[in-house]
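Me: I'd like to go through this one with you and check what the labels rest on. Shall we take a look?

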Amino acid sequence: MVMNIFLAGAAGAVGKPLTSLLVSAGHRVAATTRSVGKVEMLRGLGAAPVVVDVFDAAALKQAVAKAKPDIVIHQLTDLPAGIGAGFDPALLADALARNARVRDEGTRNLIAAALAAGVRRVVAQSIAWVYAPGPEPHGEGDALNAPAEGSKGVSMRGVIALECQVLQTPSIDGLVLRYGQLYGPGTGRDHAEGAMPLHVDAAAYAALLAVDKGLPGVFNVAEPNGVIATAKAQRELGWRGGFRLPG
């Protein structure tokens, strides 16, 4: 079934391939970016570009209402490509704080706009390295590492805020995709790295499937590994880690 989809964060590493997948599936996509310079790129992918800042709650509410979406997809982040080992610690701290704000305040604004527009299904990006120490592989029901401190604590508080808002807001059927460690175009990593790698195309594919598959809840999304269990996404969404866009 063709749907109207409001894709927040369409110009990001996951957002770009997801925009292509949604358009190819026949959906009408209102694709957001903060940058006027990315409008033509999004238009070239077949989407209707929307320039809006997630922290401008009034403008965001207006943009969502205008799009009349059936579903809102949240792929917003504020992290530079290649962030991780070797990144300047001062810049890393600032980047993690900005990203946590997107996950908390930005998600709050997006959920409020979705509710005002009558949207009932929201699909949101989260991360998979959030579990408290314990037996592995971690399933979606395992406890999160809420007591984490330092930079990890900043990220955890942002993640918990995002997931609570998506999963616990009345009238919203929320699906949270806990992505593994991304690699591929736009990430600064050409090859799989880390304990739970995930190519950006496969990450986008999970979000495409979640448009009309899967009950509300959490899904671990990563290539097969011993750290997190991914059988639920494969079973309920029909997801596969080897998915790649043509070309």
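Reply: Sure, starting with a term: buried means under 20% relative accessible area, exposed means over 50%, and partly exposed is in between, with a 1.4 Å probe and protein chains only. By that cut-off, 50% of the 247 residues count as buried. This is a predicted model, so local features need pLDDT of at least 70 and side-chain atom pairs count only at pLDDT 80 or more, while totals for chains, interfaces and linings use all residues. Residues are numbered from 1 along each chain as its sequence is written, and side-chain values use heavy atoms, without hydrogens and water.

Me: How do you know whether the radius of gyration agrees with a compact globule?

Reply: The rule, over C-alpha atoms, is 2.2 Å times the number of residues to the power 0.38. For 247 residues that gives a value near 18 Å, and the protein has 17 Å, so the two agree.

Me: What makes tyrosine 205 and phenylalanine 243 an aromatic pair, and is it stacked or edge-to-face?

Reply: Rings of Phe, Tyr and Trp (its six-membered ring) pair if their centres lie within 6.5 Å; planes under 30 degrees apart are stacked, over 60 edge-to-face, the rest tilted. The count comes to 1 aromatic pair. Tyrosine 205 and phenylalanine 243 sit 4.1 Å centre to centre with 10 degrees between the planes, so they're a stacked pair.

Me: Why say that the pair links distant parts of the chain?

Reply: Tyrosine 205 is in helix 6 (residues 200-210) and phenylalanine 243 in the segment after helix 7 (231-237), 38 residues apart. Both tyrosine 205 and phenylalanine 243 are buried, too.

Technical notes. Helices (H or I, at least four residues) and strands (E, at least two) are DSSP runs, numbered from the N terminus.
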